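Work through the exercises below with the coordinates open. Try each task before reading its solution.

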Amino acid sequence: MKIRYFDHAATTPVSNIVLQEMLPYYEIQYGNASSIYTLGRQAKRAVENARKNIAKNIGAKQQEIYFTSCGSESDNLAIKGIAYANKNKGNHIITSKIEHHAVLNTCKTLEKQGFEVTYLDVDNNGIVDLVQLMNSINSNTILISIMFANNEIGTIQPIKQIAEIAHKNNIIFHTDAVQAVGNVKINVEELMIDSLSMSGHKFYAPKGIGALYVKEGINFEKIQDGGHQEKDKRAGTENVAGIVAIGKAIDEIYKNFDSYNEHLKNLRDFYIEELEKNIPNIKLNGDRYNRLPGNANISFKNVNAQELLFKLDEKGICASAGSACSTGNPMPSHVLMAIGLSENLAEGTLRITFGKDNTKEDVQFLIDNLREFILKK
Ligand SMILES: *Cc1c(COP(=O)(O)O)cnc(C)c1O
């Protein structure tokens, strides 16, 4: 059966051009980047070249990029690292209610360690409340961490405005940009971002490689002990093949940015418009315009999205629901609750996230099956 994959916010396939670039670093150029002989120095050079690629594509300096194992680790390192390094200045952190668990649970851990965290509300489209942000700031606030774009509903936040508010108050601003990198043009200098997390497997590099940008001059503590890799901020032998891959993947995606973005938007808008024409009582979640190019998060009335996922799977369609099934009980997502969705709609929420290899025919197949399942239920 042909697989039609519409879950690119969960992960993406490794693109062939990226795979070919990384393969030699397993079998031929397998040196440890810390070794001093030629094989090691070649690996080191490949790591630094990837660092340069990442920096160039987000408007950062090469020395401001640190490699990690994933987006979650980047979030942990940034938030805990900045909190620990600045705890003499204060213990208050501001984030939002719709962050990924990599951020939310990091903040929960910090709360247990004596930090105070404010979780900002969002409006019905998932945009953070900037007035509440300003009112939440106090003399102990050391860090604001707000995601660039939401992984469920695709909403893109007013990042520059948030950064401006942070800097006016001498507060460090971190953003989880795991969904944004590759889908939104990002220049950390223009946007005044102090720290930014990304993850390779969300933009056609493999799983197990992430990167963190931290602006020069901003202190953060390492959270893992060991060797002195990554300027003593992240111990562990460098994942050279993964690093080469993420460097190649970010270069590829921004090189082809306009056509890729256009392709995703076309599929997304076609899908949304067709569903709105053909299926009654549906609701598009997230901001209609300020949203990721490939994200369509739609709620269907009186539909069980978990069941829908199984039916779609039988047709080879991969998608995602708005609730996570833990111990048999579907728990509506914290993001859908934060935008004020009813439980009925949250339970009937389907997240479709398009990618570069999807075609209009694939999308038509998806629409036809959804009509079949939802209208003839
Ligand atoms: C996927 C994702 C993460 C986690 O990244 P991993 O590399 O899977 O650890 C964090 N934040 C957001 C917004 C994500 O979409």
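**Exercise 1. Polar contacts of the ligand**

How far is an N or O atom in the side chain of Ser-199 from an oxygen atom of the ligand? Then find further polar partners of the ligand and its buried share.

Solution. Note that the model is predicted.

Step 1. Take the side chain of Ser-199. One of its N or O atoms sits 2.6 Å from a ligand oxygen atom. The cut-off for a polar contact is 3.5 Å, so this pair counts.

Step 2. Go to Gln-179. Here a polar side-chain atom is 2.6 Å from an oxygen atom of the ligand.

Step 3. Check the backbone too. At Gly-71, a backbone N or O atom is 2.8 Å from a ligand oxygen atom.

Step 4. Turn to area. The ligand taken alone exposes 380 Å², and the protein buries 89% of it.

**Exercise 2. The shell around the ligand**

Which residues come nearest to the ligand, which helix gives the most to the shell, and how do the shell residues divide by class?

Solution.

Step 1. List the shell. There are 13 residues around the ligand, and the nearest are Ser-72, Asp-176, Gln-179, Ser-199 and Lys-202.

Step 2. Map the shell onto helices. Helix α4, residues 71-85, contributes the most, with 3 residues.

Step 3. Sort by class. The shell has 7 polar, 3 charged and 3 nonpolar residues.

**Exercise 3. The enclosed cavity**

How many cavities of 30 Å³ or more does a search of the whole structure find? Describe the lining of the largest cavity.

Solution.

Step 1. Count. The search returns 1 cavity of 30 Å³ or more.

Step 2. Size it. The volume of the largest cavity is about 140 Å³.

Step 3. Find its centre. The lining holds 18 residues, with His-8, Ala-9, Gln-179, Asn-183 and Phe-354 closest to the centre. Gln-179 also appears among the residues nearest the ligand.

Step 4. Classify the lining. It splits into 9 nonpolar, 8 polar and 1 charged.

Step 5. Assign domains. Domain 1 (4-12 + 257-376) and domain 2 (16-255) each supply at least three lining residues.

**Exercise 4. The second largest pocket**

How much space lies in the second largest pocket, and which residues line it?

Solution.

Step 1. Read the volume. The second largest pocket holds about 200 Å³ of space.

Step 2. Name lining residues. Among them are Asn-86, Lys-89, Asn-138, Ser-139, Ile-172 and Asp-194.

Step 3. Classify. The lining of this pocket has 6 polar, 3 nonpolar and 2 charged residues.

Methods. Residues numbered from 1 in each chain as written. Predicted model: local features only at pLDDT ≥ 70, side-chain atom pairs only at ≥ 80, totals over all residues. Heavy atoms only, no water. Near = heavy atom within 4 Å. Polar contact = N/O pair within 3.5 Å; in protein donor to acceptor, adjacent residues only side chain to side chain. Areas by Shrake-Rupley, 256 points an atom, 1.4 Å probe, with all protein chains shown as cover. Helix = DSSP H or I, 4+ residues; strand = E, 2+ residues; numbered from the N terminus. Nonpolar A, V, L, I, M, F, W, Y, C, P; charged D, E, K, R; others polar. 1 Å grid on protein atoms, 1.4 Å probe; cavity = no way out; pocket = protein on both sides within 12 Å on 5 of 7 lines; lining within 4 Å. Points joined across faces, edges and corners; volume = space filled by probe spheres on them. Domains from an automatic or database assignment.
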